[in-house]
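Reader: I am in my first year and still learning to read models like this one, and I would like to look slowly at a single part rather than at everything at once. Please choose one sheet and lead me from one of its strands to whatever lies around it.

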Amino acid sequence: MYLDRSAGRTAGRLGAAVTACVALFSAAGCSTDGGTGVRTAADAPAAQAGTAPAKATGADKGGTGRASDGRPAPAVPEPAVLAHATVHVTDGQTVGVGLPISVTFPEPVPAAGRKAVEDWLRVQTSSGTAGAWSWVKDRNLLDGQRVDFRPDTTYWQPGTRITLRVGSHGERHFTIGRSLVATVDVSRHEMTVRTEGGTRHIPVTTGKPGLDTWKGTMVVMDKQSKILMDSRTVGLGAEYRGDYYWAVHLTTSGTYVHQNPRANTEAGHRNVTHGCVGLATDGTAERFYDQVMVGDVVTVTGSAKDTVAAGNGYGDWNLTWTQWLAHSAAGRTTTA
């Protein structure tokens with residue numbers, strides 16, 4: 001769980017019924033960087049990433065010198081903080097190719113203790129993917145409260161089966177599904193959606209000048225078929241308060257791809273939103289909503305706004321591999 005300080009309430013980062021939003025539109029638009037608005041989800045899909053504790057499975061408590069994955073147990077004692085770790089993926093879930101493994105803690109882990117934490121967070125994959133843990137400064141947490149694992153290649157291989165063992169405190173199994181990567185070209189007002197089954201081009205409208213859409217790579221955090229958004233929570237007065245539909249959540253600061261009535265005339269021609277990606281009400285938004293899952297990738301190009309930070313949602317892929325390793329205590333590891 002994380003505290004949405006601007007809204008004054010606690011919310012689950014993924015798959016929660018009450019979470020944080022940002023400024024939507026006064027007749028159009030979406031997110032700003034000024035804070036997060038209040039969002040109430042209705043009819044939310046059941047299969048989303050979650051934060052329930054992993055089922056307990058014994059690691060190396062019998063003095064065998066080997067962990068439950070068959071590899072040698074770490075030489076250092078198991079950190080006590082792992083007993084309080086939260087994993088943001090549900091056991092048995094299928095996710096998109098862009099979702100990193102993300103683990104958070106109720107208190108910061110000191111720099112001196114981070115290698116031990118990484119050593120005891122054991123990742124095993126069916127593809128033997130190489131990757132690394134890296135400490136990410138989450139937008140709503142302190143430094144040392146979040147550590148993510150990603151491959152050293154661009155995204156996961158579709159079909160990969162992954163097991164995460166949180167020391168002796170449990171494990172989580174999940175699978176990487178089909179690949180979906182959407183690219184939003186701000187200057188062309190178009191989103192290109194590439195899947196294993198083909199390519200689609202969708203007219204969009206994005207952030208207007210001064211309220212530009214974040215550029216860079218983002219990962220679907222969750223999605224809601226209907227959400228309540230309130231402009232007063234982000235300092236925009238009473239410009240809007242209402243329900244909006246087919247909302248795909250991309251950043252903690254509130255970037256979404258969602259249905260926007262003004263996209264009916266502006267998509268493909270002009271950028272008029274407050275930062276989100278707007279889709280038409282003729283079924284375009286609903287079709288995209290139905291197609292995507294948690295972990296799918298949306299990359300924005302051509303925007304005048306800064307690149308989204310690694311900790312603003314799952315912006316991990318905006319760091320080069322060298323930059324990623326710079327925040328890793330244990331370095332690159334294989335997962336066979």
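Author: What follows stays with one sheet, one of its strands, a loop residue and a pocket.

Before we begin, please keep in mind that this is a predicted model, in which local features need pLDDT of at least 70 and side-chain atom pairs count only at pLDDT 80 or more, while totals for chains, interfaces and linings use all residues. Residues are numbered from 1 along each chain as its sequence is written, and side-chain values use heavy atoms, with hydrogens and water left out.

The protein chain has four helices and 22 strands, where helices (H or I, at least four residues) and strands (E, at least two) are DSSP runs numbered from the N terminus. Of its 336 residues, 57% count as buried, a word that stands for under 20% relative accessible area, with exposed meaning over 50% and partly exposed lying in between (1.4 Å probe, protein chains only).

The sheet I have chosen is open and has five strands in the order β5-β7-β10-β9-β22, with antiparallel pairing; two strands are said to pair if DSSP finds at least two bridges between them. Its edges are β5 and β22, each of which pairs on one side only. Strands of a sheet pair through backbone hydrogen bonds, either parallel or antiparallel.

Let us follow β7, which covers residues 101–104. With β5 (residues 86–87) it pairs in the antiparallel sense over two bridges, and there Thr86 stands opposite Thr104. Strand β7 is also joined by four bridges to β10 (residues 146–151), the two again running antiparallel, and Asp148 of β10 is the bridge partner of Ser102. In a regular strand the side chains alternate between the two faces of the sheet. In β7, Ile101 and Val103 point one way, Ser102 and Thr104 point the other way, and all of them are buried.

Beyond β7, the loop that leads to α1 holds Val109. Is this residue buried or exposed? Val109 counts as buried because its relative accessible area is 5%. Setting aside neighbours within four places in sequence, its contacts (heavy atoms within 4.5 Å) are with Val81, Arg114, Val117, Trp135 and Gly144. Trp135 is 26 residues away from Val109 along the chain, and their C-alpha atoms are separated by 9.8 Å. For the protein chain in general, among contacts between residues at least 6 apart in sequence, 70% join residues at least 24 apart.

Some of these elements return in the largest pocket, whose volume is about 220 Å³. Here a 1 Å grid is laid over the protein atoms alone, and a pocket is an open set of points where a 1.4 Å probe fits, with protein on both sides within 12 Å along at least five of seven lines; lining residues have an atom within 4 Å of a point. Grid points are joined across faces, edges and corners, and the volume is the space filled by probe spheres set on the points.

The lining of the largest pocket consists of 14 residues, and Arg71, Glu118, Asp119, Leu121 and Thr333 lie nearest the centre. Two or more lining residues come from each of α1 (114–120), β8 (121–125), β9 (130–135) and β22 (333–334), and β8 gives the largest share, three residues.
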